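Student: I have not looked at this structure before. Please take me through some of the terms used for it.

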Amino acid sequence: MNMPSSKPVIREHRIPTPDSGPYIVVEGPGGNLWFCESRAGKIGCLHPDSGAFREFSLPDRDCVPIGIALGAAGNLWFTEKAANRVGRISLDGTIAEFAMPTAKASPDGIALGPDGNIWCSEGNIDRLARITPDGAVSELGAGMTPGSGPLSIVVRDGAIWFSQASGGRIACMAVDGAVTEFPIPSQDSQPRAMALHPDGSIWFVETGANALGRIARDGSIAEFSIPTPDASARGVTVGPDGALWFTENLANKIGRMNASGRMVGEYKIPTPASGARCIVALSNGRVFFTQYDIGAIGEIIFS
């Protein structure tokens with residue numbers, strides 16, 4: 001799909017609960033958007049066509065839900081960072097929660113693994129957790145460098161790839177727990193969100209280095225600067241045009257970079273200091289992002 005070269009329009013969908021703090025967002029069944037409301041202790045759902053929201057309160061309002069992913073059976077799985085749990089929510093709002101084995105593990109990024117289990121990062125203990133469909137949790141990654149701070153997760157070639165926000169590396173874990181780490185050239189790069197490109201590369205934001213990074217299948221890493229200084233890149237997705245669309249939190253912009261690393265454009269978000277975080281391209285080509293600081297879901301509309 002080729003997108004028009006004209007400047008896109010950004011529409012903002014306000015979440016009913018004030019100060020909800022939407023963070024990670026994912027496409028669920030039926031093309032609906034499911035997201036964590038980190039400040040409100042809720043899981044939210046937006047119907048993109050009607051603009052209607054549904055919200056589901058979690059048992060512990062202060063659990064800080066943050067990461068969310070679609071599971072193999074059509075349920076949504078999410079992490080509760082402060083409560084040290086992983087949760088599961090069905091499409092009708094039925095919730096189940098499962099404790100992490102290690103106290104204060106700080107579960108964060110989450111994804112469906114190649115083995116049919118759910119995997120999440122445990123930033124405080126330098127491990128990944130594997131959660132079976134019935135909620136049994138095990139922790140893997142004894143070979144990870146201490147102080148790595150694993151964060152975002154994607155799956156490539158039957159393995160779990162993840163960013164190490166504190167360690168400045170991209171890492172790969174086999175389903176048996178073996179870890180391989182790849183240092184990012186820039187110092188204090190702070191890699192965060194990741195996105196798998198159709199060409200097999202993995203792109204990631206480098207919040208500290210003010211850049212996007214790309215890791216090839218052979219482990220080689222390239223870095224591409226963001227024009228706006230101190231933009232605070234947070235989220236990244238592959239758009240229907242094959243370009244990388246990413247959020248610039250402090251700059252309050254949406255950025256667009258082609259797969260060769262050339263910047264295509266930066267687009268101001270209408271509401272100042274909106275707190276742009278996660279961004280996702282749906283299977284139908286529509287692109288949405290969370291606005292943590294104003295409690296909204298933004299949509300990028302192409303004319």
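Student: In which sense do S14 and strand S15 (residues 159-164) pair, and over how many bridges?

Tutor: This is a predicted model. In it, S14 and S15 pair in the antiparallel sense, and five bridges join them. Pairing requires at least two bridges, so the five between S14 and S15 satisfy the definition. One of the bridge partners is Gln164 in S15, which is matched with Pro150.

Student: What is the order of the strands in the open sheet that contains S14?

Tutor: The order is S14-S15-S16-S17, four strands with antiparallel pairing.

Student: Why are strand S14 (150-156) and strand S17 (179-183) said to stand at the edges?

Tutor: Each has a single partner strand, so one side of S14 and one side of S17 are left without a neighbour in the sheet. On average, neighbouring strands here are turned by 25° against each other, direction ignored.

Student: Which other open sheet of four strands is there, and what is its order?

Tutor: Its order is S22-S23-S24-S25, with antiparallel pairing. Strand S22 (233-238) and strand S25 (263-268) are its edge strands, because each has a single partner strand. The average turn between neighbouring strands of this sheet is 20°, direction ignored.

Student: What makes strand S23 (residues 244-248) and strand S24 (residues 253-257) a pair?

Tutor: Five bridges join S23 to S24, and at least two are needed, so the two strands pair. They run antiparallel. Leu244 has Met257 of S24 as its bridge partner.

Student: Why is strand S6 (residues 65-70) called largely enclosed?

Tutor: Five of its six residues are buried, so the rest of the structure largely encloses S6. Four bridges join S6 to strand S7 (residues 76-80), and the two run antiparallel. Among the bridged residues, Pro65 is partnered by Glu80 in S7. S6 and S7 form a hairpin with five residues between them, and Gly74 in the turn has a positive phi of about 90°.

Student: How do you know whether Thr207 is buried or exposed?

Tutor: Its relative accessible area is 14%. Buried means under 20%, so Thr207 is buried. Thr207 sits in the loop between strand S19 (202-206) and strand S20 (211-215).

Student: What makes the link between the side chains of Thr207 and Arg192 a polar contact?

Tutor: The two side chains are joined at 3.0 Å. The cut-off is within 3.5 Å, so the distance meets it. A polar atom of the Thr207 side chain also lies 2.6 Å from the backbone oxygen of Ala233. Beyond four places away in sequence, Thr207 touches residues including Ser189, Gln190 and Ser232.

How values were computed
Residues numbered from 1 in each chain as written. Predicted model: local features only at pLDDT ≥ 70, side-chain atom pairs only at ≥ 80, totals over all residues. Heavy atoms only, no water. Buried < 20%, exposed > 50% of the residue type's maximum accessible area, 1.4 Å probe, protein only. Polar contact = N/O pair within 3.5 Å; in protein donor to acceptor, adjacent residues only side chain to side chain. Contact = heavy atoms within 4.5 Å. Axes fitted to C-alpha atoms, helices over the stretch in contact; angles between N-to-C directions.
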